[in-house]
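The following exercises are to be worked with the sequence and the coordinates at hand. Each consists of a task and a solution in steps.

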Amino acid sequence: MAIISGIEIPKNKRGLIALTYIFGIGISTSKKIFNNTGIDKNKKVSNWTDNEIKKIRKFISDKIKTEGELRLEIQLDIKRIMDIGCYRGIRHRLGLSVRGQKTKKNCRTRKGKKKTVATKATKKKLNKNIKKNKK
């Protein structure tokens, strides 16, 4: 297995798909890497030579932010938005959907488990029971 950016890349996959296992590299970035390094993107990882692996490692480390460096940058961007106090920052702080999704019926992933609140019908029943008990 080839290790690039601290990630073990699966050896039975094509190079184009295998690089997408690294956080921060998608299909289009993977294509760009293979075009700039001059390596065949359809070649399986198990058939890569040491020289090809070095070329890919060097290109990724020099030109692309991946893994920890990218995660840190994303966290800092979110923290900056929250500190500014803009709409997106407030939504992040409250743990609600940030990109304009509806929140009335969905978005359980962001809001967490449902918190049941007493409805008007149950309040009326409670009030009736209290009045009966007073008589």
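## Exercise 1: The two sides of a helix

In this predicted model, Thr29, Ser30, Ile33, Phe34 and Thr37 are the buried residues to consider in α2. Determine how they are arranged around the helix axis, and what they pack against.

Solution.
Step 1. The five buried residues span an arc of only 135° around the axis, so they lie on the same side of α2.
Step 2. The other side of α2 carries the exposed residues Ser28, Asn35 and Asn36.
Step 3. The packing partners of the buried residues of α2 are α1 and α3.
Step 4. Threonine 29 serves as a check: its relative accessible area is 19%, and the cut-off for buried is under 20%, so threonine 29 is classed as buried. Leaving out residues up to four places away in sequence, threonine 29 touches Gly24 and Ile64.
Step 5. Just after α2 comes glycine 38, with a positive phi of about 80°.

## Exercise 2: The packing of α2 and α3

Classify the mutual orientation of α2 and α3 and name the residues that make the contact.

Solution.
Step 1. Two packed helices are described by the angle between their axes and the distance between the axes.
Step 2. For α2 and α3 the angle is about 120°, and the axes are 10 Å apart.
Step 3. Angles of 65 to 115 degrees count as roughly perpendicular, and those over 145 as roughly antiparallel. The pair α2 and α3 falls in neither class and is therefore oblique.
Step 4. The crossing of these two helices, α2 and α3, is right-handed.
Step 5. On the α2 side the contact consists of Ile33, Phe34, Asn36 and Thr37; on the α3 side it consists of Lys55, Ile56, Phe59 and Ile60.

## Exercise 3: The packing of α4 and α5

Repeat the analysis for α4 and helix α5 (residues 87-94), and describe the surroundings of methionine 82.

Solution.
Step 1. The axes of α4 and α5 are 7 Å apart and enclose an angle of about 105°.
Step 2. This angle lies within the range of 65 to 115 degrees, and α4 and α5 are therefore roughly perpendicular to each other.
Step 3. The residues of α4 that take part are Ile78, Ile81 and Met82, which meet Arg88, Gly89, His92 and Arg93 of α5.
Step 4. Methionine 82 belongs to helix α4 and is partly exposed, its relative accessible area being 27%.
Step 5. Apart from residues up to four places away in sequence, methionine 82 touches Gly89, His92 and Arg93. The C-alpha atoms of methionine 82 and histidine 92 are separated by 6.9 Å, although the two residues are 10 residues apart along the chain.

## Exercise 4: The largest nonpolar core

Which members of the largest nonpolar core touch the most other members, and which elements supply at least two residues each?

Solution.
Step 1. In soluble globular proteins, nonpolar side chains tend to be buried together.
Step 2. The largest nonpolar core has 18 residues, of which Ile4, Leu19, Ile33, Trp48, Ile56 and Ile60 touch the most other members.
Step 3. At least two residues of this core come from each of β1 (2-4), α1 (15-18), α2 (27-37) and α3 (50-63). The largest share, 4 residues, is that of α3.
Step 4. Beyond its neighbours within four places in sequence, isoleucine 60 is in contact with Ile4, Ser5, Leu19, Ile22, Ile25, Ile33 and Thr66.

## Exercise 5: Positive phi outside glycine

Describe the location and exposure of serine 5 and glutamate 67, two residues that have a positive phi although neither is a glycine.

Solution.
Step 1. Most residues other than glycine have a negative phi.
Step 2. Serine 5 has a phi of about 55° and is located in the loop between β1 and β2 (7-9). With a relative accessible area of 33%, serine 5 is partly exposed.
Step 3. Glutamate 67 has a phi of about 45° and is placed in helix α4 (residues 67-84). Its relative accessible area is 15%, and glutamate 67 is buried.

## Exercise 6: The chain as a whole

How many helices and strands does the protein chain have, and in what pattern do they follow along the sequence?

Solution.
Step 1. The protein chain has 7 helices and 2 strands.
Step 2. Along the sequence the pattern is β-β-α-α-α-α-α-α-α.
Step 3. Of the 135 residues in the protein chain, 26% are buried.

Terms used: Residues are numbered from 1 along each chain as its sequence is written. This is a predicted model: local features need pLDDT of at least 70, side-chain atom pairs count only at pLDDT 80 or more; totals for chains, interfaces and linings use all residues. Side-chain values use heavy atoms; hydrogens and water are left out. A nonpolar core is a set of buried Ala, Val, Leu, Ile, Met, Phe, Trp, Tyr and Cys residues joined through side-chain atoms within 4.5 Å. Buried means under 20% relative accessible area, exposed over 50%, partly exposed in between (1.4 Å probe, protein chains only). Contact means heavy atoms within 4.5 Å. The arc is that of the directions from the helix axis to the C-beta atoms. Axes are lines fitted to C-alpha atoms, for helices over the stretch in contact, and angles run from 0 to 180 degrees between N-to-C directions. Angles under 35 degrees count as roughly parallel, over 145 as roughly antiparallel, 65 to 115 as roughly perpendicular and the rest as oblique. A crossing is left-handed if the near helix is turned anticlockwise from the far one by less than a right angle, and right-handed if clockwise.
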